[in-house]
Structures are given as C-alpha cells and as structure tokens.
Amino acid sequence: MTIQGIGIGFRYAIAESLLERRPDTVRWVEVHPENYMERGGKYPALLKRCMDTWPIVTHGLTMGFGTTDPHPDSYLHPLRQLLEDLDTPYHTDHMCFPSVGGAHSHDLLPLPFTDESADTVTQRIEECRDRLGLPIGMENVSYYAPAPDPMAEADFIVEVAERADASILLDVNNVYVNSLNHGFDAKVFIDKIPADRVLQLHVAGHLVRPDELIIDTHGEAVCDGVYDLLEYTLEQLGPKPVLLERDNNIPDLDELLGEIDRLTVIYERATGASTC
Ligand SMILES: [Fe+2]
C-alpha cells in the first residue's frame with residue numbers, strides 16, 4: 001500500500017461527509033486507534049467503510065515513547081489486533097513523557113534531551129516494533145517549559161532514530177510553534193532532520209494568545225507561516241506524505257478541503273511530484 005500526497009485525520013465530525021463525497025484530493029487518512037479499540041456498534045462499521053475507501057495509517061495517542069514503564073499488554077494486544085485489521089503500513093506515536101506507574105498525564109510532556117532519555121525512548125520503540133510487528137514512527141511534540149537548548153531536540157530526534165532504527169513523523173506545526181515560543185530558527189531545525197528517516201509530515205493550526213504564547217490546539221486553520229515552513233521542508237526532504245490534523249473546533253468539510261487544496265499546490269510545487 002502506498003501512502004503519498006495529502007491525507008486528512010479521520011474524525012467523527014467529518015467522517016460521514018468525507019465518506020459521502022470521497023474527494024479526489026484526499027489520498028489517505030490517519031486514524032487514532034484509541035477511538036476504535038475494543039469498541040463495537042457503529043465504530044467497526046465506520047472503520048470498514050473507511051478502509052474500503054482510502055489507505056489508512058494509524059497514529060496513537062497513548063504510547064509516548066519516553067515513559068520508563070513498558071507499555072502494558074492490555075493496551076498492546078488490542079492495538080495490534082486493530083492495526084492488523086486496518087492493514088496499516090506503519091504505526092506512529094509521540095516522543096514525549098506520557099505516564100508513570102500507570103498514571104497518565106493526558107498531555108504530551110516534553111522529554112529531557114539527554115543520553116539517558118534517548119536510551120529510554122530507544123527501548124520503548126524497540127519493544128513497540130517487536131510487539132506490534134510494524135515499522136514505528138515517532139513524532140516531535142510542542143512544549144511550553146523552557147528547554148536549555150531547544151535546538152538540541154533536533155539532534156535528540158536524529159540520535160534516537162539511529163539508535164532505534166526508527167522513523168520520524170515530523171510535525172511541521174510543532175517545529176513552528178516551538179521555534180516562536182522558544183526562539184530558534186525553524187529552518188535550521190528542519191535542516192538537521194535526515195530525509196531518509198522521515199516517514200510522514202503533519203501540519204495543523206494553532207492559537208496565538210494575547211501574550212503571544214502559541215498553543216498547539218489543532219483547532220484553527222493552518223497559518224501562512226506553517227504553510228511556508230512546510231514548503232521549505234518538502235523542498236529539503238522531497239515528497240513525503242502530508243497529513244492535515246484538525247482535532248478541535250472542526251469546521252465544515254469544505255473549509256478543510258480548501259486547506260487540502262492549498263497543501264496539494266505546495267506539495268506539487270515544492271517536490272515536482274504529483275500527489276496522485
Ligand atoms: Fe502532529
């Protein structure tokens with residue numbers, strides 16, 4: 001199965017209109033497994049219709065790779081079953097600290113960019129790859145606590161990718177948000193990421209507060225600065241599948257398809273490749 005061009009997050013709020021209209025510009029969709037694992041009724045039926053229409057990739061919300069605890073069987077068993085049912089070519093989750101002792105923070109807390117932390121993430125990724133039987137991608141997160149050296153995140157991501165032989169889900173909006181909140185050059189950060197490690201890209205909208213702190217809400221339209229950084233990223237990395245994430249304040253499908261159209265133009269202009 002080939003994942004290429006522009007995809008969209010498959011969310012309940014737009015699922016029916018997406019399935020009804022099947023827009024040509026949407027080449028694939030991304031599913032959060034936690035929305036469907038071990039659920040009956042309408043949920044498996046909705047996923048079946050989705051599978052019959054688009055290639056699916058899965059993006060988890062639970063398995064932050066920075067936790068010091070191995071992920072429990074109670075999560076990994078049903079996750080593996082669902083991923084097999086969906087025939088996803090890979091699975092991704094976040095490079096963050098999600099939980100300790102079984103208690104979840106319900107937030108994507110940042111990791112220290114240290115050697116010890118890289119070892120922990122490497123171990124979790126290797127376990128997940130073995131237990132799920134799939135290639136694993138780790139996503140860079142946005143964070144709000146000041147980091148001693150924000151640019152060290154790029155080196156940390158690359159180091160973990162090498163140690164774990166893992167792929168990178170590069171969230172361009174998160175790089176953009178962090179670059180403004182923490183004061184670094186987003187393009188220099190992007191330049192550090194090796195193209196052959198990047199599996200997929202994310203773009204999303206964010207909120208700019210009156211005090212100018214930027215919050216990664218996934219509840220706004222993608223801004224011009226993120227589109228510009230995406231174009232730069234695609235020029236550097238070549239054609240990588242791009243996902244539009246919208247999780248909150250979800251508008252009519254037409255508005256999202258307008259963003260998909262703009263992403264399509266940028267993708268084709270930056271890479272010289274077709275999204276089809
Ligand atoms: Fe993301």
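**Group meeting: the iron site and two pockets**

Okay, let's start with Glu245, which is buried, with a relative accessible area of 3%. Keep in mind that this is a predicted model. Glu245 matters for my first topic, as this residue is one of the ligands of the iron ion.

So, which residues coordinate the iron ion? There's Glu139 through OE, Asp171 through OD, His202 through ND1, and Glu245 through OE, at 2.0 to 2.3 Å. If you like patterns, the donors follow the spacing E-x31-D-x30-H-x42-E along the chain. His202 sits in strand S9, residues 198-204, and Glu245 in strand S12, residues 242-245, so this pair ties together parts that are 43 residues apart in sequence.

Now, why is the arrangement around the iron ion called irregular? The 4 donor atoms subtend angles of 84 to 172 degrees, and that spread makes it irregular. For four donors to count as tetrahedral, all angles would have to lie between 85 and 135 degrees.

Back to His202: buried too, with a relative accessible area of 0%. Its strand fits that picture, since 7 of the 7 residues of S9 are buried, so S9 is largely enclosed by the rest of the structure.

And what does S9 pair with? On one hand there's strand S8, residues 167-171, pairing with S9 in the parallel sense over 4 bridges. Within that, Ile168 has Val198 in S9 as its bridge partner. Then there's S12, which runs parallel to S9 and is joined to it by 4 bridges. Here our iron ligand His202 shows up again, with Leu243 in S12 as its bridge partner.

Right, pockets. The largest one has a volume of about 630 Å³. Its lining comes from 29 residues, and Leu61, His94, His106, Asp107 and Leu108 lie nearest the centre. Strand S4 (91-94) and strand S6 (103-109) each supply at least two lining residues, and S6 gives the most, with 5. By class, you get 9 nonpolar, 13 polar and 7 charged residues in that lining.

The second largest pocket holds about 220 Å³ of space. Of the 14 residues lining this one, Tyr36, Pro44, Leu47, Leu82 and Asp85 are the closest to its centre. The elements giving two or more residues here are helices: H2 (42-51) and H3 (73-86). How does this lining divide by class? Into 9 nonpolar, 1 polar and 4 charged residues.

That's what I've got, thanks everyone.

Technical notes. Residues are numbered from 1 along each chain as its sequence is written. This is a predicted model: local features need pLDDT of at least 70, side-chain atom pairs count only at pLDDT 80 or more; totals for chains, interfaces and linings use all residues. Side-chain values use heavy atoms; hydrogens and water are left out. Donors are N, O and S atoms within 2.8 Å of the metal (3.2 Å for Na, K and Ca); water is not among the atoms, so sites may look incomplete. Four donors count as tetrahedral if all angles lie between 85 and 135 degrees; four count as square planar and six as octahedral if opposite donors are over 155 degrees apart and all others between 65 and 115; anything else is irregular. Buried means under 20% relative accessible area, exposed over 50%, partly exposed in between (1.4 Å probe, protein chains only). On a 1 Å grid over the protein atoms alone, a cavity is a set of points where a 1.4 Å probe fits but cannot get out, and a pocket is an open set with protein on both sides within 12 Å along at least five of seven lines; lining residues have an atom within 4 Å of a point. Grid points are joined across faces, edges and corners, and a volume is the space filled by probe spheres set on the points. Ala, Val, Leu, Ile, Met, Phe, Trp, Tyr, Cys and Pro count as nonpolar, Asp, Glu, Lys and Arg as charged, and the others, Gly among them, as polar. Two strands pair if DSSP finds at least two bridges between them.
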